[in-house]
Amino acid sequence: MKRDIVELIASLIRPEIRALSAYHVPEARGLIKLDAMENPYSWPEEIKQAWLESLRDAPLNRYPDPEAHALKDKLRAALAVPTSAEVLLGNGSDELIQMLALALAQPGRVLLAPEPGFVMYRLIALWCGMTYVGVPLRNDFTLDLPAMLEASARHQPALVLIAYPNNPTGNLFDTAALRRIIEESPGLVVLDEAYHAFAGASFMQDVMLYPNLLVMRTLSKMGLAGLRLGLLAGHPDWLNEINKTRLPYNINVLTQLSVEFALRHQGLLESQAQRIRAERTWLSAELGKLGGVTVYPSRANFILFRTAAGRAGELFNALKQSGVLIKNLHGASPLLDDCLRVTVGTEEENRAFISVLNKAW
Ligand SMILES: *Cc1c(COP(=O)(O)O)cnc(C)c1O
């Protein structure tokens, strides 16, 4: 009588969705959290008070400004978006990637990205019914330009997504190689500059120079991950179309007001990013002192390093047992065997991490 849920699910949920496991976020309670590229610093008490005050009269009973006009204007200035370019806001850049895929997806349409790269590219392609093609990086995680161009010619991707700097490897790809890819791509190329605050390089100033380039940013890695705000910049004609796949009111009123507030204190965010960059240098040097380690150069707020063969899991567990959570990438990609990734934390957190790692090494 009662219909069998298992059978209904098997017949209704798309097989490629059933084959997935939900995005897993590890439990971090009580641990030093160095796994998710968050900014470890909070705000001074008086800034917190001023922030709360700025939210006091937020009209929670009303829908937010659907276009977030005031916020967009401030973001354009803060992120140096060229005046002729348009911006589109997302509930995190993850939502912008989804909007792009929704606007471009058709059976057989390809989303192409270098690998290892940001896992959401593949997942979102799959959700939206695009075909995902990953092109392996070289062993040193540089871009394999001939392989990228060959794959682009063969698969004619509607969308190429490249993180600049790349996650999880931390490096910046060669500028000339990226220009070739943009020039030779038949479709749209989106450069994902999630780690811009730590990179010292950007394509933002070039976004109007190519007919097929968009640049994406997020405030998450800069210190506002909890607010969920990402931004896509580019030619108004492109963004006009992509905007049609946006859910109305995707940026809630508290996020709009809080980001506007944070941008009035941009100096604070910038000084935190500077501390993170300085700590990155210290952390890389300390990691480099370990025997038999390979530490990869980073232009982001995390560092990828390779342990001796077969030891990544054991070291990851030893760290966790001692209260430090990082990311174990062993098994995530053939190029990442024995690799661990640590997010740059506060001065104290980084010292705790190095001290535990030294003992376990
Ligand atoms: C973290 C990250 C994002 C996601 O950012 P949100 O704005 O928090 O959704 C996007 N791209 C890359 C490469 C990332 O590492």
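This passage walks through a few strands, a pair of helices and the cysteines of a predicted model.

A good place to start is strand β7, which covers residues 213-218. It is mostly covered, with six of its six residues buried. Its side chains split into two sets: L213, V215 and R217 point one way, while L214, M216 and T218 point the other way. Whichever way they point, all of these residues are buried, and that goes for R217 and T218 too.

What lies alongside β7? Strands of a sheet pair through backbone hydrogen bonds, and the pairing can be either parallel or antiparallel. Strand β7 happens to show both kinds. With strand β6 (residues 188-192), β7 pairs in the parallel sense, over four bridges. Here V215 of β7 has L191 standing opposite. With strand β8 (residues 230-234), the two strands run antiparallel, again joined by four bridges. In that pairing, M216 has L232 of β8 as its bridge partner.

Another sheet turns up further along the chain. This one is open and has four strands, in the order β9-β10-β13-β12, with antiparallel pairing. The edges are β9 (294-295) and β12 (327-328), each of which pairs on one side only. Helix α12, made of residues 266-288, packs on this sheet and touches β9, β10 and β13. The direction of α12 makes about 10 degrees with that of β10. Inside the sheet, β10 (residues 302-306) and β13 (residues 339-343) are linked by five bridges in the antiparallel sense. One of the matched pairs is R306 with C339, the latter sitting in β13.

C339 leads on to the cysteines. It is buried, with a relative accessible area of 0%. C128 also counts as buried, because its relative accessible area of 19% falls under the 20% cut-off. As for disulfides, a search of the whole structure finds zero.

Finally, there is a pair of helices to look at. Two packed helices are described by the angle between their axes and the distance between the axes. For α4 (residues 69-78) and α11 (residues 253-264), the axes come within 10 Å and cross at roughly 30 degrees. The crossing of these two helices is left-handed. On the α4 side, the contact is made by A70, L71, K74, L75 and A78, and on the α11 side by Q256, V259, E260 and L263. Sorted by type, the residues of this contact come out as six nonpolar, one polar and two charged.

Notes
Residues numbered from 1 in each chain as written. Predicted model: local features only at pLDDT ≥ 70, side-chain atom pairs only at ≥ 80, totals over all residues. Heavy atoms only, no water. Buried < 20%, exposed > 50% of the residue type's maximum accessible area, 1.4 Å probe, protein only. Pairing = 2+ DSSP bridges. Axes fitted to C-alpha atoms, helices over the stretch in contact; angles between N-to-C directions. Left-handed = near helix turned anticlockwise from the far one by under 90°. Contact = heavy atoms within 4.5 Å. Nonpolar A, V, L, I, M, F, W, Y, C, P; charged D, E, K, R; others polar. Disulfide = S-S within 2.5 Å.
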